[in-house]
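Grab a pencil and get ready to look around a protein model. Try each task yourself before you read its solution.

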Amino acid sequence: MTTPPPALLIAGHGTRDEAGAEAFRDFVRELGRRHPELPVAGGFIELSPPPLGDAVTELVGQGVRRFAAVPLMLVSAGHAKGDIPAALAREKERHPGISYSYGRPLGPHPALLNVLERRLDEALGDTARTPEERAEVTVLLVGRGSTDPDANAEVHKAARLLWEGRGYAGVETAFVSLAAPDVPSGLDRCARLGARRIVVLPYFLFTGILPDRVRRQTGDWAAAHPETEVRSADVIGPEPELLDLVMERYREAVEGDLRMNCDSCVYRIALPGFADKVGLPQQPHFHPDDDDHHHGPGQEHGHGHHHHGGHSHSHAH
């Protein structure tokens, strides 16, 4: 008898905005429709029904004994690092005999960066079709904000990856809560850098109170600065790329394939402007401008290598 695959449990943050909560629930239902071979359930850590514990109980009621939990979150902050593992540990005590594996958060992943670029194109319409027009656009990527500096740094990483190879004047970052700079300060910075066209891009999966706050603060700033063109882009939303990425994280968790984060590796993924690097063998190299490394030819030293399924590459300095 073939052992059934582990079920999929989606862990959400939660929101007091009913439209945002329903968007999450719709997303979970769509995953279930796309993957009838898997039991799929989802729940929230806080603020919204159903709670994560009810989702686990639902799966157990269907006879599930093994599942993989995927945090439907863009960055690894307190919820992904602490609250969800703690909740899962409690559920294991409540339901003796179950086992689970835990996946990693979603971003920054090239598939999501492509969706963000699409949201920018939608916001700009026909006004930034040429490279010259796009070079006049400054993007302000706005994250949720966290007291965890690692989580905030992930938003900066996403901003840098979004800027690479896409031709925008720049991609700056701001946060809507708990971290600086806030949205008005981020817009001030863009203006001080000389921006005349700004698109504020919310780094959020679904609509909710915080994305609405981003849009409202953007509108207030724009009204006070009529000399600057400011547009608001939409959230990522339940795009096919997001559905596929959740399944990628599920498979990683099931297979125990939680290796180093290579999602944005130019030798594995065709990133804009770097597509010719995919699959290239890597050679040790040195950086002559790095004051900490004084290596002449033949004196380079490597930092090991890591594998990407069909190939591996080394990082050397």
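Here are five exercises with worked solutions, all based on a predicted model.

**Exercise 1. Work out the strand order of the open sheet of 4 strands, and find its edge strands.**

Solution.
- Step 1: Start with the order. Going across the open sheet, you meet S6-S5-S7-S8, and the pairing is parallel.
- Step 2: Now look for strands that pair on one side only. Those are strand S6 (170-175) and strand S8 (229-232), so they are the edge strands.
- Step 3: Check how the sheet turns. From one strand to the next, the twist averages 25°.
- Step 4: Zoom in on one pair. Strand S5 (residues 137-143) and strand S7 (residues 197-202) run in the parallel sense and are joined over 6 bridges. For Thr138, the bridge partner in S7 is Ile198.

A bit of background: strands of a sheet pair through backbone hydrogen bonds, either parallel or antiparallel.

**Exercise 2. Which strands do helices H6 and H8 touch as they pack on the sheet?**

Solution.
- Step 1: Take helix H6 (residues 149-163). Its contacts in the sheet are S5, S6 and S7. The direction of H6 makes about 160° with that of S6.
- Step 2: Take helix H8 (residues 209-224). This helix touches S5, S7 and S8. The direction of H8 makes about 165° with that of S8.

**Exercise 3. Find out where the buried residues of helix H7 sit around its axis, and what covers them.**

Solution.
- Step 1: List the buried residues. In helix H7 (residues 183-192) they are Val183, Gly186, Leu187 and Cys190.
- Step 2: Look down the axis. These residues cover an arc of only 100°, so they lie on the same side of H7.
- Step 3: Ask what lies over them. The cover includes S5, S6, S7, H8 and S8.
- Step 4: Step just past the helix. There, Gly194 has a positive phi of about 100°.

**Exercise 4. The structure holds 26 salt bridges. Take three of them and decide for each partner: buried or partly exposed?**

Solution.
- Step 1: You need a cut-off here: buried means under 20% relative accessible area, and exposed means over 50%, with partly exposed in between.
- Step 2: Try Arg119 and Glu122, whose side chains meet in a salt bridge (3.0 Å, N to O). Both lie in helix H4 (residues 110-124), 3 residues apart, which is about one turn of the helix. Arg119 has a relative accessible area of 8%, so Arg119 is buried. Glu122 comes in at 45%, so Glu122 is partly exposed.
- Step 3: Try Arg160 and Glu164, where the closest N and O atoms are 2.9 Å apart. With 48% for Arg160 and 22% for Glu164, each counts as partly exposed.
- Step 4: Try Glu22 and Arg29, with their closest N and O atoms 2.5 Å apart. Glu22 is partly exposed at 28%, and Arg29 is partly exposed at 39%.

**Exercise 5. Which residues is Ser101 in contact with, leaving aside neighbours within four places in sequence?**

Solution.
- Step 1: Place the residue. Ser101 lies in strand S4 (residues 99-102), and at 22% relative accessibility Ser101 is partly exposed.
- Step 2: List the contacts: Phe67, Ala68, Ala69, Ala253 and Val254.
- Step 3: Pick out a polar one. A polar atom of the Ser101 side chain lies 3.2 Å from the backbone oxygen of Ala253.
- Step 4: Compare sequence with space. Ser101 and Tyr250 are 149 residues apart along the chain, and their C-alpha atoms are separated by 9.1 Å.

Terms used
Residues are numbered from 1 along each chain as its sequence is written. This is a predicted model: local features need pLDDT of at least 70, side-chain atom pairs count only at pLDDT 80 or more; totals for chains, interfaces and linings use all residues. Side-chain values use heavy atoms; hydrogens and water are left out. Two strands pair if DSSP finds at least two bridges between them. Helices (H or I, at least four residues) and strands (E, at least two) are DSSP runs, numbered from the N terminus. Axes are lines fitted to C-alpha atoms, for helices over the stretch in contact, and angles run from 0 to 180 degrees between N-to-C directions. Contact means heavy atoms within 4.5 Å. Buried means under 20% relative accessible area, exposed over 50%, partly exposed in between (1.4 Å probe, protein chains only). The arc is that of the directions from the helix axis to the C-beta atoms. A salt bridge is a side-chain nitrogen of Lys or Arg within 4 Å of a carboxyl oxygen of Asp or Glu. A polar contact is a pair of N or O atoms within 3.5 Å; within protein, one must be able to donate a hydrogen and the other to accept it, and residues adjacent in sequence count only if both atoms are side-chain atoms.
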